[in-house]
Amino acid sequence: MKILRGSSEDEMILEFLKAESTSERFFQQIRNTIEKLGLDENIIFSADLQNEIENIKRKKLLGEFRGYGAGRELFENFPTKFTEWSLCSFSRPDLEKIRYIDYSYWNELSAGTRKPLVAAETIRNGELIYGLSNDGFLHAAEYIKNGGAFPKLFFLTSDYENFVIVEGHFRMTAYALVLECFNNVEVIVGKCNSKELNLWM
């Protein structure tokens, strides 16, 4: 793992919204929330991180959409004090340091390890979790193999040695299926203390 440059909460929120806007699972929900708040999709796809008013609107959007800053859904017990935000580059040797959030589907897919590498083996073996198809992972892996690119992932850490995925579980699993393509993948990393991290994850 290499730290490329400093990042920020504002950049994380923007990349999070970009990723969810292209997600089959969340794209309709986020579009409905954009409309509800009277915003325009340009606030995501033509964003200006130097515009503080835009940053405030994006934070409100993520709060309404996924509970960010409100302690709801994914962000229940989420850390509130970050000592550092970094844009990092991850490659194949880093895969052993990456874990899923503690969530039933990802736990089952990874045989209780929370490791994307183990989840990839489950998928290769044709095992279905809760009867859900693995086709999406396989299609995403093929997309990566053919040169496709995804928005930045978002991890948390307390020590830059171990990382927990916040946003990007699906993409991280696809990367684990095509290990040769997991090189110089950009991730926004938020550093917080271990007590807050353990309470959330």
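Which residues in H1 meet which residues in H4? I opened the notebook with this contact, working throughout on a predicted model.

**Entry 1: H1 and H4**

I listed the two sides of the contact separately. H1 contributes Glu-9, Asp-10, Ile-13, Leu-14, Phe-16, Leu-17 and Glu-20. On the side of H4, I found Glu-52, Asn-55, Arg-58, Lys-59, Leu-61, Leu-62, Phe-65 and Arg-66. Sorted by class, this contact has seven nonpolar, one polar and seven charged residues.

I then looked up the geometry. H1 packs against helix H4, residues 52-66, at an angle of about 50°, and their axes are 10 Å apart. This angle makes H1 oblique to H4. I noted the crossing of H1 and H4 as left-handed.

**Entry 2: H6 and H8**

I turned next to helix H6, residues 116-124, and its packing on H8. The angle here is about 70°, with the axes 8 Å apart. H6 is therefore roughly perpendicular to H8, as angles of 65 to 115 degrees are counted in that class.

From H6, I recorded Pro-116, Leu-117, Ala-119, Ala-120, Ile-123 and Arg-124 in the contact. Their partners in H8 are Met-172, Thr-173, Ala-176 and Leu-177. The contact of H6 with H8 divides into eight nonpolar, one polar and one charged residues.

**Entry 3: H7 and H8**

I also examined H8 against H7. The axes of these helices come within 8 Å and cross at roughly 65°. That angle makes H7 roughly perpendicular to H8. The crossing of H7 past H8 is right-handed.

Gly-136, Phe-137, Leu-138, Ala-140, Ala-141 and Ile-144 are the residues that I noted from H7. They meet Phe-170, Thr-173, Ala-174, Tyr-175 and Leu-177 in H8. How many charged residues does the contact of H7 with H8 have? I found no charged residues there, but nine nonpolar and two polar ones.

I cross-checked two residues of H8. Thr-173 and Leu-177 meet H6, and Thr-173 and Leu-177 also meet H7.

**Entry 4: the largest pocket**

I looked up the open space next. The largest pocket has a volume of about 1300 Å³. Its lining comprises 38 residues, and those nearest its centre are Ser-23, Arg-25, Phe-26, Trp-106 and Phe-170.

Which elements give two or more residues to this lining? I recorded H1, helix H5 (104-109), helix H7 (135-145), strand E5 (163-167), helix H8 (169-177) and helix H9 (194-200). H7 gives the most, with five residues. By class, I entered 19 nonpolar, 10 polar and nine charged residues for the lining of the largest pocket.

I noted that Phe-170 lies among the residues nearest the centre of the largest pocket and that Phe-170 also takes part in the contact of H8 with H7.

**Entry 5: the cavity**

I searched for enclosed space and found one cavity of 30 Å³ or more. About 30 Å³ of space lies in the largest cavity. The lining consists of Met-12, Glu-15, Phe-16, Lys-152, Leu-153, Phe-154, Glu-167 and Ile-188.

Two elements, helix H1 (9-21) and strand E4 (153-157), give two or more residues to this lining. The largest share, three residues, comes from H1. I counted the classes as five nonpolar, no polar and three charged residues.

I closed with Phe-16. Phe-16 lines the largest cavity, and Phe-16 is also one of the H1 residues that meet H4.

Note on methods: Residues numbered from 1 in each chain as written. Predicted model: local features only at pLDDT ≥ 70, side-chain atom pairs only at ≥ 80, totals over all residues. Heavy atoms only, no water. 1 Å grid on protein atoms, 1.4 Å probe; cavity = no way out; pocket = protein on both sides within 12 Å on 5 of 7 lines; lining within 4 Å. Points joined across faces, edges and corners; volume = space filled by probe spheres on them. Helix = DSSP H or I, 4+ residues; strand = E, 2+ residues; numbered from the N terminus. Nonpolar A, V, L, I, M, F, W, Y, C, P; charged D, E, K, R; others polar. Axes fitted to C-alpha atoms, helices over the stretch in contact; angles between N-to-C directions. Parallel < 35°, antiparallel > 145°, perpendicular 65-115°, else oblique. Contact = heavy atoms within 4.5 Å. Left-handed = near helix turned anticlockwise from the far one by under 90°.
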